[in-house]
Amino acid sequence: MICNKLSECAQQQFSGNSIARCSNNNSARCVASSDKRSEVMCSEKQKKYSLKNTMRNHIISYKMDGGIIVVDKSVPEGTCKCDYLYVTDGDNPYAILIELKGKNISHALCQIKESLCLFKDFLEQFPHVYGRIVVSAGAPDLRATPHYANLASVLKNTFGGNLKIFKEKELEKHPEKDTEL
């Protein structure tokens, strides 16, 4: 099942209310966090991504795979989806699609792209949408490929954002590298 009430859920979360009714009866697994903490972090299989919340905006961290998107009769196994989605409110709201990956950057690009397509209507309400991929240290650099260039172009021209790929060790040593959203 793919959540069809993401906009409503985010509005409820930002206003401090609990979700009236979750469309996929999965709200406990969808929302990883929803508050104004100074750092929001997600992790999976020893990969992690952390966002410093210096403006102290309300940030909702949604678990996409197994939360917002659940494999069932309507969502076939193998559907490309990213791992997490961060959304913020405030004067300059934005969204970040996050994929925590081993070495298969090509598949990670597909997961970000498909998540953009699945939630295009929801994401279009944000002036900026960013893509972030965290990979193993040994992953190949695919930034020169058409696949990467196409997704980076869509994020920049359609969503006012950008695409960045980080090697996990690099991000651990220098978390400030992602300060330019």
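The chain has 6 helices and 8 strands. The model is predicted. In sequence order, these elements follow the pattern α-α-β-β-β-β-β-β-α-α-β-α-β-α. Buried residues make up 46% of the 181 residues of the chain. The points below cover a pocket, aromatic pairs, two helices and several loop residues.

**Second largest pocket**

- The volume of the second largest pocket is about 200 Å³.
- Its lining comprises 14 residues, of which Glu 44, Lys 45, Glu 99, Leu 100 and Lys 101 are the closest to the pocket centre.
- By residue class, the lining of this pocket divides into 8 charged, 4 polar and 2 nonpolar residues.
- Two elements, strand E6 (94-100) and helix H3 (105-118), each contribute at least two residues to the lining of this pocket.

**Aromatic pairs**

- The count of aromatic pairs comes to 3.
- In one of these pairs, Tyr 49 and Tyr 86, the ring centres are 6.1 Å apart and the planes stand at 50°, so the pair is tilted. An angle over 60 degrees would be needed for edge-to-face and one under 30 degrees for stacked.
- Because Tyr 49 belongs to strand E3 (residues 47-52) and Tyr 86 to strand E5 (residues 84-88), this pair ties together parts that are 37 residues apart in sequence.
- Tyr 49 and Tyr 86 are both buried.
- Another pair is formed by Tyr 94 and Tyr 130, whose ring centres are 6.0 Å apart; their planes are at 75°, so this pair is edge-to-face.
- Tyr 94 in strand E6 and Tyr 130 in strand E7 (residues 128-135) are 36 residues apart, and the pair thereby links distant parts of the chain.
- Tyr 94 has a relative accessibility of 11% and therefore counts as buried.
- Tyr 130 is also buried, its relative accessible area being 8%.

**Helix H3**

- At 1.5 Å a residue, the 14 residues of H3 should span 20 Å, and the end C-alpha atoms are indeed 20 Å apart, which agrees.
- The buried residues of H3 are Ile 105, Ala 108, Leu 109, Gln 111, Ile 112, Ser 115 and Leu 116.
- Around the axis of H3 these buried residues cover an arc of only 160°, so they are on the same side of the helix.
- An α-helix has 3.6 residues a turn, so residues three or four places apart point the same way.

**Helix H5**

- For the 12 residues of helix H5 (residues 146-157), the span expected at 1.5 Å a residue is 16 Å; the end C-alpha atoms lie 16 Å apart, which agrees.
- Tyr 148, Leu 151, Ala 152 and Leu 155 are the buried residues of H5.
- Viewed down the axis of H5, these buried residues fall within an arc of 100°, so they line one face of the helix.
- Pro 146 and Asn 157 are exposed on the other side of H5.
- Ala 149 is also found in helix H5, and with a relative accessible area of 40% this residue is partly exposed.
- The C-alpha atom of Ala 149 is separated by 9.3 Å from that of Leu 163, a residue 14 positions away along the chain.

**Loop between E2 and E3**

- Lys 45 is found in the loop between strand E2 (39-44) and E3, and Lys 45 is among the lining residues closest to the centre of the second largest pocket.
- The phi of Lys 45 is near 50°, a positive value in a residue other than glycine.
- With a relative accessible area of 73%, Lys 45 is exposed.
- Gln 46 is likewise found in the loop between E2 and E3.
- The phi of Gln 46 is positive, at about 65°, although Gln 46 is not a glycine.
- Gln 46 is exposed, with a relative accessible area of 76%.

**Loop between E6 and H3**

- Lys 103 is found in the loop between E6 and H3, the two elements that each supply at least two residues of the lining of the second largest pocket.
- Lys 103 has a relative accessibility of 53% and so counts as exposed, the cut-off being over 50%.
- From C-alpha to C-alpha, Lys 103 and Val 134 are 9.4 Å apart in space, and 31 residues apart in sequence.

How values were computed. Residues numbered from 1 in each chain as written. Predicted model: local features only at pLDDT ≥ 70, side-chain atom pairs only at ≥ 80, totals over all residues. Heavy atoms only, no water. 1 Å grid on protein atoms, 1.4 Å probe; cavity = no way out; pocket = protein on both sides within 12 Å on 5 of 7 lines; lining within 4 Å. Points joined across faces, edges and corners; volume = space filled by probe spheres on them. Helix = DSSP H or I, 4+ residues; strand = E, 2+ residues; numbered from the N terminus. Nonpolar A, V, L, I, M, F, W, Y, C, P; charged D, E, K, R; others polar. Phe/Tyr/Trp six-rings, centres within 6.5 Å; stacked < 30°, edge-to-face > 60°. Buried < 20%, exposed > 50% of the residue type's maximum accessible area, 1.4 Å probe, protein only. Expected span 1.5 Å × (residues − 1). Arc of directions from axis to C-beta.
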